[in-house]
Amino acid sequence: MASSIQQVEGDESVVLRVTHSNLKTFASDIRFSLHLTVEAVKDKLWKKCGTSVNSMHLQLYDDARNKIADLSDHSKPLAFYSPLDGFRLHVVDLDPSSVTSGGWLEDTSLVEKYTISEEAYNKRPDTFRKYKEKFTSQNTATAEAKIPDDCMGDLSADIKVGSRCEVEPGAKRGVVKFVGRAESLGPGFWVGVQYDEPLGKHDGMVKGVHYFECPPSHGGMVRPEKVKVGDYPERDPFEEDEYESS
């Protein structure tokens, strides 16, 4: 006992590696005062690992994994067992119905998830989806209010249906199929393009409105500023290969 008292006087605390019988991923370095009784040590640990004081049994191991002692006397101070920095304090949960048993605290797949049907979710007035829809509609309305109805009308005047064109970004080539207003897309003028390759997003129908007809995935609706009309013939798919091989 004299040696233990000298340790308390010379070093007031110790850092122990704490592990748990039920929590395989739990491992924490915790500093303990050597003045703490075993009961006080348990009280400190239950707040960190969830095992109640009455259901907790403590085992002390040295840094070579040798078992030093069972800390079974609640009244004895931690210094009585002469622990050193780096020793392991293992928590054994004796309660079969403990919250730590069964892996519930570590494996979230074991936890029953709350689910709600799409219909029930849509009926709720305070969901994130409702907020997002409201926020988006307000911002869209604000943005459209700033765009005049004749926006880019001057640019679209020089773009004729049937003209060959090139669209940025990407220098996509195709044929102009539509020029005019498209209320479903927003104020101002728009240009509908049938691309030579399947680089589009639709077949000429946007938001339920058919502005022109073209093969699936060949259609695009863009602002006039993105379109250049002129001598833009269809690209030869073998042209680049021939150039590289020459």
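**View 1. Histidine 20 and valine 91 face each other across strands S1 and S5 of the predicted model.** Histidine 20 stands opposite valine 91, a residue of S5. Strand S1 covers residues 13-20, and it pairs with S5 in the parallel sense over four bridges. On S5 there is also a pairing with strand S3, residues 56-61, where six bridges join strands that run antiparallel. Here histidine 57 has valine 92 of S5 as its bridge partner. Strand S5 spans residues 88-93, and because five of its six residues are buried, the strand is largely enclosed by the rest of the structure.

**View 2. Leucine 58 has bridge partners in both S5 and S4.** In S5 the bridge partner of leucine 58 is valine 91, and in S4 the partner is leucine 71. Strands S3 and S4 run antiparallel and are joined by four bridges. S3 is mostly covered, with five of its six residues buried. Leaving aside residues up to four places away in sequence, leucine 58 touches Val38, Val41, Lys42, Leu45, Ala69, Asp70, Leu71, Leu89, His90 and Val91. The hairpin of S3 and S4 has five residues between the strands, and in this hairpin arginine 65 takes a positive phi near 70°.

**View 3. The largest nonpolar core has 23 residues.** Which of its members touch the most other members? They are Val18, Phe32, Leu45, Leu58, Leu71, Leu78 and Leu89. Two or more residues of this core come from each of S1, strand S2 (27-33), helix H2 (38-49), S3, strand S4 (67-71) and S5. H2 gives the most, with four residues. A second core of nine residues is separate, and includes Val167, Val191, Val222 and Val227. In soluble globular proteins, nonpolar side chains tend to be buried together.

**View 4. Strand S11 pairs with strand S8 in the antiparallel sense.** S8 covers residues 186-195, and four bridges link this strand to S11. Valine 191 has valine 222 of S11 as its bridge partner. Both of these valines also belong to the second core. In a regular strand the side chains alternate between the two faces of the sheet. In S11 (residues 219-222), Gly219 and Met221 point one way, whereas Gly220 and Val222 point the other way. All four of these residues are buried.

**View 5. Glutamate 166 lies in strand S6, residues 164-167.** Is glutamate 166 buried or exposed? Its relative accessibility is 8%, so glutamate 166 counts as buried, the cut-off being under 20%. The side chains of glutamate 166 and arginine 173 are joined by a polar contact of 3.1 Å. Not counting residues up to four places away in sequence, glutamate 166 touches Ala171, Lys172, Arg173, Lys226, Val227, Lys228, Tyr232 and Arg235. Val227 also appears in the second core.

**View 6. Phenylalanine 80 and tyrosine 81 form an aromatic pair.** The structure holds two aromatic pairs. A pair of aromatic rings is described by the distance of the centres and the angle of the planes. For phenylalanine 80 and tyrosine 81, the ring centres are 5.1 Å apart and the planes lie at 85°, so the pair is edge-to-face; an angle over 60 degrees is needed for that label. Phenylalanine 80 has 32% relative accessibility and therefore counts as partly exposed. Tyrosine 81, at 11%, counts as buried.

**View 7. Confidence varies along the predicted protein chain.** The mean pLDDT of the chain is 85, and 83% of the residues reach 70 or more. Among the elements, S6 has the highest mean pLDDT (97) and helix H1, residues 2-10, the lowest (42). Over residues 1-9 the pLDDT stays under 50, and the model has twelve contacts beyond four places in sequence for this stretch. Residues 241-246 also stay under 50, and for them the model has zero such contacts.

**View 8. The protein chain has six helices and twelve strands.** Buried residues make up 35% of its 246 residues. How much of the contacts with a separation of 6 or more comes from residues 24 or more positions apart? The share is 52%.

Terms used. Residues are numbered from 1 along each chain as its sequence is written. This is a predicted model: local features need pLDDT of at least 70, side-chain atom pairs count only at pLDDT 80 or more; totals for chains, interfaces and linings use all residues. Side-chain values use heavy atoms; hydrogens and water are left out. Buried means under 20% relative accessible area, exposed over 50%, partly exposed in between (1.4 Å probe, protein chains only). Two strands pair if DSSP finds at least two bridges between them. A nonpolar core is a set of buried Ala, Val, Leu, Ile, Met, Phe, Trp, Tyr and Cys residues joined through side-chain atoms within 4.5 Å. Contact means heavy atoms within 4.5 Å. A polar contact is a pair of N or O atoms within 3.5 Å; within protein, one must be able to donate a hydrogen and the other to accept it, and residues adjacent in sequence count only if both atoms are side-chain atoms. pLDDT is the predictor's confidence in each residue, from 0 to 100. Rings of Phe, Tyr and Trp (its six-membered ring) pair if their centres lie within 6.5 Å; planes under 30 degrees apart count as stacked, over 60 as edge-to-face and the rest as tilted.
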